[in-house]
Amino acid sequence: MDKSWMHSDRRSKAYELGVEAFLNFSVENLLTTTHIHCPCVKCVNLKLFGIGIIRDHLYFNGVDQSYKNWTFHGEPWEAANASRNVEEDDDHSRYSFVAEEVEMDDNDFGDFGSDPYEFANVIGDGDQPLYPGCRKYTKLSALVKLYNLKAKHGMSDVCFTELLILQGDLLPEGNTIPASMYEAKKTLSALGLSYEKMHACPNDCILYRKEYEDSTNCPSCGISRWKEGKDSILKEGVLAKVV
């Protein structure tokens, strides 16, 4: 069974074909489509899902590259032992991918911005064109614009990852758009970039911070801080504008 797809870019055709081949292999061997171990980097075969959810996890989270022997999915132990003899990888490279991906959140990126070497690497990497021949956007400038959209419209991390994957598919081959929210955060955190949501007057008179932090009406125009419903009743606690 060809497993080279596990190391391919998640946006590539090779990865797509590999995922489908893996799922077909699992169904044929396990004779079920609803209770299958998920080999993504977050579930690491500890959770059972249906085929559809596993497919999504493999695209959104990536496959656990240390899972070389598919014993949870019907590969016989004899084949597993043979595979182990043929495929010997450096321990660090096998497990670093999992360590980077599992249960990461915003707080895991706090130290990137303080590392000058990381900063220099990101700057050099970010100067690459968005795709071969592109002169309008670099990898970094495109990512910053996309991330601003995420902040402006309150996209979830899952939604933003889907957007990145779609952008990668739409752009010409060889594009440098990140393939996941994790990669995007790592790049932006190395630059010390983040965003903060602030409550604002709908007429852009003030920001509800400092001396106005506890105010419920704009001191300039008098409009309420809260959103007005269709029945013209104010929904206290529901902000009228966030920037």
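Helices are DSSP runs (H or I) of at least four residues and strands are DSSP runs (E) of at least two, both numbered from the N terminus. The legends below refer to a predicted model.

**View 1. Overall arrangement of the predicted protein, with eight helices and four strands.** From the N terminus, the order of elements is α-β-β-α-α-α-α-α-α-α-β-β. Of the 243 residues, 37% count as buried. Among contacts with a separation of 6 or more, 50% join residues that lie 24 or more positions apart.

**View 2. Helix H1 (residues 13-30) and its buried face.** H1 comprises 18 residues, and the distance from its first C-alpha to its last is 26 Å, close to the 26 Å expected at 1.5 Å a residue. Its buried residues are Tyr-15, Gly-18, Val-19, Phe-22, Leu-23, Phe-25 and Ser-26. Viewed down the axis of H1, these buried residues fall within an arc of 160°, so they line one face of the helix. The general basis for such a pattern is that an α-helix has 3.6 residues a turn, so residues three or four places apart point the same way. The cover over the buried residues of H1 includes strand E1 (36-37) and helix H2 (51-60). On the face turned away from the buried side, H1 carries the exposed residues Lys-13, Leu-17 and Glu-28.

**View 3. The residue that follows H1, Leu-31.** Leu-31 has a positive phi, near 60°.

**View 4. Packing of H1 against H2.** The two axes come within 11 Å and cross at roughly 150°, and the crossing is right-handed. H1 contributes Tyr-15, Glu-16, Val-19, Glu-20, Phe-22, Leu-23 and Val-27 to this contact, while H2 contributes Ile-51, Ile-54, Arg-55, Leu-58 and Tyr-59. By class, the contact of H1 with H2 consists of nine nonpolar and three charged residues, with no polar residue. Tyr-15, Val-19, Phe-22 and Leu-23 of H1 take part in the contact and are also among the buried residues of H1.

**View 5. Packing of helix H6 (residues 139-153) against helix H7 (residues 157-170).** The helices pack at an angle of about 145°, and their axes lie 11 Å apart. H6 and H7 cross in a right-handed sense. From H6, Leu-146, Tyr-147 and Lys-150 meet Asp-157, Phe-160, Leu-163, Leu-164 and Gln-167 of H7. The residues of this contact divide into five nonpolar, one polar and two charged.

**View 6. Helix H7 and its buried side.** At 1.5 Å a residue, the 14 residues of H7 should span 20 Å, and the end C-alpha atoms are indeed 20 Å apart. Phe-160, Thr-161, Leu-164, Ile-165 and Gly-168 are buried in H7. They cover an arc of only 140° around the axis, and therefore lie on the same side of H7. Phe-160 and Leu-164 are buried and also belong to the contact with H6.

**View 7. Surroundings of Glu-183 in helix H8 (residues 181-190).** Glu-183 has 33% relative accessibility and so counts as partly exposed, since that class lies between the limits of 20% for buried and 50% for exposed. Apart from its neighbours within four places in sequence, Glu-183 is in contact with Arg-10 and Pro-178. The C-alpha atoms of Glu-183 and Thr-161 are separated by 9.6 Å, with the two residues 22 residues apart along the chain. Thr-161 is one of the buried residues of H7.

Notes. Residues are numbered from 1 along each chain as its sequence is written. This is a predicted model: local features need pLDDT of at least 70, side-chain atom pairs count only at pLDDT 80 or more; totals for chains, interfaces and linings use all residues. Side-chain values use heavy atoms; hydrogens and water are left out. Axes are lines fitted to C-alpha atoms, for helices over the stretch in contact, and angles run from 0 to 180 degrees between N-to-C directions. A crossing is left-handed if the near helix is turned anticlockwise from the far one by less than a right angle, and right-handed if clockwise. Contact means heavy atoms within 4.5 Å. Ala, Val, Leu, Ile, Met, Phe, Trp, Tyr, Cys and Pro count as nonpolar, Asp, Glu, Lys and Arg as charged, and the others, Gly among them, as polar. The expected span of a helix is 1.5 Å times one less than its number of residues. Buried means under 20% relative accessible area, exposed over 50%, partly exposed in between (1.4 Å probe, protein chains only). The arc is that of the directions from the helix axis to the C-beta atoms.
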